[in-house]
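Please open the structure in your viewer and keep the sequence panel beside it. The tour below moves from one selection to the next and says what is found at each stop.

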Amino acid sequence: MANEQIPKTAPAVVFEKINGPIVYKEDHPVTQPQDLKPGEVLVKIECTGVCHTDLHAWKGDWPMPPKQPLVGGHEGAGHIVAIADGTTTTFKVGDAVGIKWLADSCLNCENCRMGAEMTCSLAQCHGYTVDGSFQRYAVSYARHCTPIPDGLPLEVAAPVLCAGVTVWKAIKEANCKPGDWLVVSGAGGGLGHLAVQYATAIGLRVVGIDTGDDKKKLLDQYGADAFIDFKNFRDEGALIKEVKRVCGGEGPHAAVIASAGGAAYNDALEYIRPHGSLVAVGLPPDTDIKANVFWTVFRNVRIIGSYVGNRQDAIEALDFALRGKVKPQIVTEPLKNLEDVYKRMESGGIPGRIVLKC
Ligand SMILES: [Zn+2]
Ligand SMILES: [Zn+2]
C-alpha cells in the first residue's frame with residue numbers, strides 16, 4: 001500500500017565505518033514499497049533529533065559495535081508512505097508516526113510480556129542495528145512505531161521520541177511523589193532539560209545541576225526550584241553539601257543522572273537521602289558506579305539503570321508535549337549539518353536539542 005510516488009533515491013547521512021567520514025548523500029537508495037517485508041512500513045521522515053547515542057554509535061564507544069555502514073538517528077518524526085503487504089496494523093498510509101531507538105522486538109518473550117521490550121534479546125534499534133532517521137525515507141516496523149497525536153508539530157515530537165521517553169521513564173523509575181525533591185544532573189542538556197519539565201509537571205521539586213549561564217537561563221523558564229552551577233563548587237565535598245542544603249538539608253529523594261560525565265554518579269550516591277534512588281540514564285564511556293556496600297545497605301539506597309522506555313512510555317511522553325507541559329528547546333538545521341552537530345555535542349555546548357530537517 002502506498003499513496004505517493006516513492007523516489008528511487010533520497011538524501012541520507014551515512015558512515016561506512018566507526019570513526020570514518022560522515023557523508024551526506026543526495027542519492028541514497030530508498031527501499032521501494034514492493035520490497036518491504038511483512039510488518040515493515042516506509043516512513044517519510046520530516047525531521048529528526050540528534051541524540052548523544054548517535055555520537056556514541058559513530059565513535060564506537062559501546063561494547064557492541066553498530067552495523068556498518070550505518071544511517072544513524074532514532075528521533076525521527078514523519079508520515080507513513082507505504083505499508084508492506086501482509087502487515088496487520090491499525091496504522092494507515094498518511095499517519096504521523098515517530099521512529100524511536102527501539103525499532104522492533106519479539107513481543108513474546110518475558111521482557112516483552114512485561115512491557116520491557118528494550119531488553120528483549122531480539123530487539124532491533126534504529127540508528128544502531130538497523131538504519132535510522134538521518135535520511136528522508138526510513139524503513140521501520142509497524143508494531144513499534146509511535147503514533148504522533150494530531151496538533152503536535154513534528155519538530156516538537158522528534159526530541160521527545162528518545163530524550164523525552166528516556167527521562168519520563170527514568171522519573172517513573174525514581175518512584176517519587178508530588179512534593180519530593182529530585183535532582184537532575186546534566187539538567188541543561190538534551191535529556192536533562194526535558195527531565196526538569198516532566199518532573200515539575202508531576203509536582204516534584206526540582207534541582208538542576210549543570211554549568212553556564214545559557215543553561216541556567218533555560219532552566220529558570222521551567223520552574224526548577226534551584227540551579228547549581230557545578231563549576232562554582234569544585235572543592236572536595238562542596239557540591240554534595242550544596243545539594244543537601246538546597247534540598248532542605250537531607251538531600252533529594254532521588255537523582256536522575258542525565259550527564260555524560262562519570263563524577264555525577266558518585267556525587268549522587270553521597271547526596272541522596274536514605275531510601276533515595278539514583279537513576280542512571282547518561283552513558284559516560286568506561287565508567288563504574290562505586291557504591292560502598294556498607295553505606296548502600298545502611299542507608300537503603302537504590303541504584304537503578306533505566307534504558308529508554310516502552311511503547312506506552314512513548315505515548316505518555318508525547319502526551320505531555322501535546323498538552324504543552326513539556327516544551328523541547330529546539331534549534332532546527334538542515335540534515336547535512338550532522339557532522340558539525342556532533343562536533344558541538346562533543347564540546348558540550350548545546351543547550352536543549354538540535355532537530356534536523358530531512
Ligand atoms: Zn537517544
Ligand atoms: Zn521479546
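Which residues of H9 are buried? Before selecting them, keep in mind that this is a predicted model. Select helix H9, residues 311-322, which has twelve residues and reaches 17 Å from its first C-alpha to its last, close to the 16 Å expected at 1.5 Å a residue. Within H9, the buried residues are Asp313, Ala314, Ala317, Leu318, Phe320 and Ala321. If you turn the view to look down the axis of H9, these buried residues fall within an arc of 150°, so they line one face of the helix. To see what they pack against, add strand S9 (146-147), helix H3 (154-174) and helix H4 (192-201) to the selection.

Next, look at the two ends of H9. At the N-terminal end, asparagine 310 acts as a cap, with a side-chain oxygen lying 3.0 Å from the backbone nitrogen of glutamine 312. After the helix comes glycine 324, whose phi is positive, near 75°.

Now select lysine 169 together with aspartate 313, whose side chains meet in a salt bridge at 3.4 Å, N to O. This pair links distant parts of the chain, since lysine 169 belongs to helix H3 and aspartate 313 to helix H9, 144 residues apart. Both lysine 169 and aspartate 313 are buried.

For another charged group, move to arginine 344, which meets glutamate 333 in a salt bridge of 2.9 Å, N to O. Here arginine 344 lies in helix H10 (residues 338-346) and glutamate 333 in strand S16 (residues 330-334), eleven residues apart. Arginine 344 also forms a salt bridge with aspartate 340, the closest N and O atoms being 2.9 Å apart. Because arginine 344 and aspartate 340 are four residues apart in helix H10, about one helical turn separates them. As for exposure, arginine 344 counts as partly exposed at 26% relative accessibility, whereas glutamate 333 counts as buried at 11%.

Finally, select the zinc ion (ligand 1), which is coordinated by Cys51 (SG), His74 (NE2) and Cys162 (SG) at 2.0 to 2.2 Å. Cysteine 51 sits in the loop between strand S3 (40-49) and helix H1 (52-59), and histidine 74 in the loop between H1 and strand S4 (76-83), so the pair ties together parts that are 23 residues apart in sequence. Cysteine 51 counts as buried at 6% relative accessibility, and histidine 74 is buried with a relative accessible area of 0%.

Technical notes
Residues numbered from 1 in each chain as written. Chains lettered and ligands numbered in written order. Predicted model: local features only at pLDDT ≥ 70, side-chain atom pairs only at ≥ 80, totals over all residues. Heavy atoms only, no water. Expected span 1.5 Å × (residues − 1). Buried < 20%, exposed > 50% of the residue type's maximum accessible area, 1.4 Å probe, protein only. Arc of directions from axis to C-beta. Contact = heavy atoms within 4.5 Å. Polar contact = N/O pair within 3.5 Å; in protein donor to acceptor, adjacent residues only side chain to side chain. Donors = N, O, S within 2.8 Å, 3.2 Å for Na, K, Ca; no water. Salt bridge = Lys/Arg side-chain N within 4 Å of Asp/Glu carboxyl O.
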